[in-house]
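Q: Could you take me through one part of this model up close? I'd like a connected walk-through rather than a list.

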Amino acid sequence: MPAKQMPDKDYDDIPGTYVFDADRSRRGYHLNMFCMSLMKAENRKAFKDDESGYLDRNFPLLTREQREAILKRQYNRLLELGGNIYFTAKLGATDGHAFQHLAAVMTGSTQQDYADMMLRGGRNVDGNRSRTGRDILAKSKSAKPKSAKGKASSKGKKRRG
Amino acid sequence: MARIVAGVTSSHVPAIGAAIDNHRTSEPYWQRVFEGFERSKEWIAKVKPDVCIVVYNDHASAFSVEMIPTFALGTAAEFPIADEGWGPRPVPVVKGHPQLAAHIAQSVILDEFDLTLCNKMEVDHGLTVPLNLMFGTPKEWPCPVIPLAVNVVMFPPPTGNRCFNLGRAIKKAVESYPEDLKVVVFGTGGMSHQISGQRAGLINSKFDHAFLDNLTRNPQKLVRMDHLEYMREAGAEGVEMVMWLIMRGALEDKVDEVYRFYTVPASNTAVGHIILENRSKGGRKAAARKPAAKSRKSAPKLKRAAARQKIQRIRS
């Protein structure tokens, strides 16, 4: 990774988040184009009939990691490798899943638990703003002092129950 | 002369479209959402806009990752409904207003906003769901629509400041159009939500209420907000609220808030909806004025408390 040349991305401090930036857009191009191909019924069928074959024939430029994440339906990994959620959602739809199924998978909970959390008002932002607590130092008026780090991880685990 | 009379913000959650298309609007979960737009439908039926400019984002339908225009204005005579993978939504084709759109394009490009123009473009739920929420499910949409697609899918989207100033330029363009037209501008998307990653499901109602307050009375405060703050506070996908600032920029500095609605959740998202009217040039009054609007001068805290009560009422 060219970490030495590239500046830090301030948004990498947001926990549980893979910002789809120009860099991921570049790396994820073939991955997202694969997802776009699933807009067509005949492609969905061809993919479901022979997933590996479909990828080999039509998207030979996918990386090995991207290919594996597609076949294993690793939705967070897909985002990490340059997939965008509006595109990867098409893969979920091809499997016949509602979006909340994907959301549940990404958050490590069951679909019912996820839906219940939404009905209770969603995931609380407190404790979920920052990996490092950097947000407390930021001049953002809405950031509140708190033990961001500890809370974020405990919350994450709780949801996975 | 054409003039912008009002601005509307509206959620564009795809599941709202699915609830309409599958006739599930009377289920309690969805009723809570649709109820909030009943007054808005009455309001817009009275206003009878001649044209709506709808600021929205495409969701990997018309644009994929091959081309990612930051601002794309629809100059076509009509915009077919996109097939988003389960057939096009059963809603009317969206008719454009090519003359006004071309005029806006010419004016704002010379004002240094380098738009992409689309003479052929399909539109997805990002545009059609807000039309449903405001106009219901008519056989034909009651007026022409000019789509303005904004990239909020790939980071970075345009800044709030850029969006607000583009709204300003659109206002100037509309006001220099010779035909006597009433225009309403829609800002769509939002409010707080994150639909990706381990943090999916994030909702920040406190942020949302403050955003709505500032949208009406102190938009300059929002214009200064950076993307990091949007994403931290309102979720990675919540950054799409910059689109609302195009709508706000197209209005006058001082506006009347005639209606507001907020509820959580619609699918994975907080739904926020507001109607702002321009004060001058006979901006019509009171079609849907709510009691809540009377307390406009009271402290924001009280107002937010009132809004929360309203949500509670709607939830129960």
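How many helices and how many strands are there in chain A?

A: Keep in mind that this is a predicted model. Chain A has 11 helices and 0 strands, so to speak one α after another: α-α-α-α-α-α-α-α-α-α-α when you read along the sequence. Chain A has 161 residues, and 39% of them count as buried. If you take its contacts between residues at least 6 apart in sequence, 53% join residues at least 24 apart.

For the close look, go to helix α2 of chain A, residues 29-37. Buried in this helix are Leu31(A), Asn32(A), Phe34(A) and Cys35(A). Looking down the axis of α2(A), you'll find its buried residues within an arc of 150°, so they line one face of the helix. And what do they pack against? The buried residues of α2(A) meet α4 (51-58), α5 (64-72), α6 (75-80) and α7 (85-94) of chain A.

Now step across to the partner chain. Chain A puts 46 residues into the contact and chain B puts in 31. On the chain B side, α7 (205-217), α9 (227-234) and β9 (255-266) each supply at least two residues, with the largest share, 5 residues, coming from α9(B). By type, the chain B side divides into 15 nonpolar, 11 polar and 5 charged residues.

One of those contributors, β9(B), also belongs to an open sheet of 8 strands with mixed pairing, ordered β6-β3-β7-β2-β8-β1-β10-β9 in chain B. β6 (116-118) and β9 of chain B stand at the edges with a single partner strand each, so one side of each has no neighbour in the sheet. From one strand to the next, the twist averages 20°.

Further into the sheet, β3 (residues 71-74) and β7 (residues 145-150) of chain B pair antiparallel over 3 bridges, and Ala72(B) has Ala149(B) in β7(B) as its bridge partner. Helix α4 of chain B (residues 98-110) packs on the sheet here, touching β2 (51-56), β3, β6 and β7 of chain B, and its direction makes about 150° with that of β3(B). Helix α3 of chain B (residues 38-47) lies across β1 (3-10), β8 (182-188), β9 and β10 (269-278) of chain B, running at about 145° to β9(B).

Finally, the core: the largest nonpolar core has 133 residues, and Ile53(B) and Val55(B) touch the most other members. Leaving out residues up to four places away in sequence, Val55(B) touches residues including Leu148(B), Val150(B), Val185(B), Phe186(B) and Met243(B).

Conventions:
Residues are numbered from 1 along each chain as its sequence is written. Chains are lettered from A and ligands numbered from 1 in the order in which they are written. This is a predicted model: local features need pLDDT of at least 70, side-chain atom pairs count only at pLDDT 80 or more; totals for chains, interfaces and linings use all residues. Helices (H or I, at least four residues) and strands (E, at least two) are DSSP runs, numbered from the N terminus. A residue is buried if 20 or more other C-beta atoms lie within 10 Å of its own, exposed if 12 or fewer, and partly exposed in between; C-beta atoms are placed from the backbone. Two residues are in contact if their C-beta atoms, placed from the backbone, lie within 7 Å. Ala, Val, Leu, Ile, Met, Phe, Trp, Tyr, Cys and Pro count as nonpolar, Asp, Glu, Lys and Arg as charged, and the others, Gly among them, as polar. The arc is that of the directions from the helix axis to the C-beta atoms. A nonpolar core is a set of buried Ala, Val, Leu, Ile, Met, Phe, Trp, Tyr and Cys residues joined through C-beta atoms within 7 Å. Two strands pair if DSSP finds at least two bridges between them. Axes are lines fitted to C-alpha atoms, for helices over the stretch in contact, and angles run from 0 to 180 degrees between N-to-C directions.
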